[in-house]
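Morning, everyone. I have one structure to walk through today. Let me put it on the screen.

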Amino acid sequence: MPRRSIRFALAATVAGACAWSAEHPNYVGTPVLAKTGTQILRFSGIRFAQAPVGDWRWREPRPVINASPDISIDATKWPPACMQDEGNVEWYRGVAAAFGQAGEVAPSRPDTAEDCLFLNVWTPDVGARLPVMVWIHGGANVNGWSSEPNYRGRELAAMGAVVVSIQYRLGVFGFLAHPSLTAESPNASSGNYGILDQIEALRWIRANVERFGGDPGNVTLFGESAGAGDIAYLLLSPLAQGLFHRAISQSGGWPADQRRTLAENEAQGVDFLRRAEAASIRDLRRLPAQALLAAGEEHFKRDYDDPPVDRWLLPAPPADLLARKAFEPRPVMFGFNADEMLMYVGKPTPERWQQALERLSNPGEVDELLGDLPIPQRLDELASATQFTCPSIALANGFAAGGAPTYVYRFDRIRSGDHGIGAYHGAEIPYVFNTHDAWLPTDAIDHNLTRRMMGYWQSFAATGDPNHDDAPAWPRWNDDARLLSLAEEIRSEEFDGRLCSVLASH
């Protein structure tokens, strides 16, 4: 398709476009057609912060400097991914294998670069004032990129929203803490650069999204896995106040349990330098990006790359902030999938189950609750509850208690076929974006669920209430503990919190 500039688009839809273009750069985008035939303008690879390279590695992001309005900026090419390995590609290959497909059907990762702080925009009308939906990708904060095929916002935009997907520094580039880095920071903090990148992207969106047809006063964050976990931190960080107005967390509840301090993360950074045989942070800043990535993969592997509790980005542990109601009571949606960990259980032997129980202080109670299930389901239920379900419920309880309009879902839809991974981690994403891969078995039930889920998400972004006329009612989360089951039959039901109660006593 031909290129198209945002200046031309504005001139076609809004009076006064010339006055607008006198103050801002001229982005050149690409027209794309939604499945409904609606024309969408896509702008890809827009820089929102200066390159975090050289001496700016491991520093707060710097705002982008707007180009002259006389210069056209090419926004037709996808940006490079931030520095990472093949982790997300391997995830896609694992899902494909479960469905009997060759690994070649998985999307290939784009080229990577340390200069990666870019975003993408999809808009149906640059002259409108539409709700803005900002997607934060997953990948354990070590993998993922903004233009993954399942994350493209064309179909959501066609429903009446401006959709933005953003990138942020990953792994050792985004989450290394060290006493030297803390000492040089004006805020006495380190190890949270990836989250600061997200905040800088939100600042750029607030300043610029109106030019793309978006309402800067109506911004909704949504993200999955690591992106959802990061959204929980943004909900609780004073640095993000005023930058967004609602949030959707898809399978990312574990910040409810995060208490790791800046000192603990700094100690991990000191150990990383020792293992990498680097004398100083200055030495590490001189390393080529690929060499640093390799060193990080060998010596910086952690359970998860979370930001530390640093008393700046995070004034206190999330659970404490929730208990103190130290947050803005914005509308929030929390959800999880029925079988988050089933694809990761490995060899489901009786010995594995006994080993899992031995790590608990109350194994008998857990075994009584789950012992009648087949062993793969037992392992999945326990791991999913620990990492996703129960922390998500804890976040929902905390925000609801603080006055935030709160909604909770469980994604239960299992696609047809003998794949054995149930409603797996990430399974809901193609339903949210209507980006079902051609190799996934997708039938009329899936298309109907897609239409209704997109309606819930878009309605929530527009009004703070997911309910719409074309789907069953979704109750607010309160003392009744009623969530919405998203499956062939969408229904409201009471959440069974027995396992969470048992695990909470662990």
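Start with helix α15. At 1.5 Å a residue, its 27 residues should span 39 Å, and the end C-alpha atoms sit 36 Å apart, which agrees. Keep in mind that this is a predicted model.

Is α15 straight, then, or kinked? It has a kink of about 60 degrees, centred on alanine 385. After the helix comes glycine 403. The phi of glycine 403 is positive, near 95 degrees.

Now the packing. The largest nonpolar core has 84 residues. Which of them have the most contacts inside it? They are Ile205, Phe244, Val366 and Phe399. And the largest share of this core comes from α15, residues 375-401, with 10 residues.

Take valine 366 from that list. Leaving out residues up to four places away in sequence, valine 366 touches Trp353, Leu357, Leu360 and Gly371. It also touches Leu382, Leu499, Val502 and Leu503. Another core lies apart from the one with 84 residues. That other core has 42 residues, among them Val95, Phe99, Leu440 and Leu484.

Next, the disulfides. How many are there? The count is 2. As a reminder, a disulfide is a covalent bond between the sulfur atoms of two cysteines.

One of them brings us back to α15. Cysteine 390 and cysteine 500 form a disulfide, with sulfur atoms 2.1 Å apart. The torsion about the S-S bond is -90 degrees, and the link is left-handed. Cysteine 390 lies in α15 and cysteine 500 in helix α18, residues 498-504, so the pair ties together parts that are 110 residues apart in sequence. Both of these cysteines are buried.

The other disulfide joins cysteine 82 and cysteine 116, their sulfur atoms 2.0 Å apart. Which hand does this one have? The torsion about its S-S bond is about 90 degrees, so it is right-handed. Cysteine 82 is in the loop between β4 (72-74) and α3 (87-98), and cysteine 116 is in the loop between α3 and β5 (118-123), so the pair ties together parts 34 residues apart in sequence. Cysteine 82 and cysteine 116 are buried as well. Number the bonded cysteines in sequence order, and the pairing reads 1-2, 3-4.

On to the strands. Look at β7, residues 162-166. Here 5 of the 5 residues are buried, so the strand is largely enclosed by the rest of the structure. Val162, Val164 and Ile166 point one way from β7. Val163 and Ser165 point the other way.

What does β7 pair with? β5 pairs with it in the antiparallel sense, over 4 bridges. Strand β6, residues 130-136, pairs with it in the parallel sense, over 5 bridges. Serine 165 takes part on both sides. It is the bridge partner of asparagine 120, and tryptophan 135 stands opposite it too.

Last stop, proline 441. It sits in the loop between α16 (429-433) and α17 (444-463). Is it buried or exposed? Neither: with a relative accessible area of 25%, proline 441 is partly exposed. The cut-off for buried is under 20%. Setting aside neighbours within four places in sequence, proline 441 is in contact with Phe99, Arg415, Ser416 and Asp446. Phe99 is a name we have met, in the core of 42 residues. And serine 180? Its C-alpha atom is 52 Å from that of proline 441, with their positions 261 residues apart along the chain.

That's the tour. Questions, please.

Methods: Residues are numbered from 1 along each chain as its sequence is written. This is a predicted model: local features need pLDDT of at least 70, side-chain atom pairs count only at pLDDT 80 or more; totals for chains, interfaces and linings use all residues. Side-chain values use heavy atoms; hydrogens and water are left out. A nonpolar core is a set of buried Ala, Val, Leu, Ile, Met, Phe, Trp, Tyr and Cys residues joined through side-chain atoms within 4.5 Å. Buried means under 20% relative accessible area, exposed over 50%, partly exposed in between (1.4 Å probe, protein chains only). Helices (H or I, at least four residues) and strands (E, at least two) are DSSP runs, numbered from the N terminus. Contact means heavy atoms within 4.5 Å. A disulfide is a pair of cysteine sulfur atoms within 2.5 Å. The expected span of a helix is 1.5 Å times one less than its number of residues. The bend at a residue is the angle between axes fitted to the seven residues ending there and the seven starting there. Two strands pair if DSSP finds at least two bridges between them.
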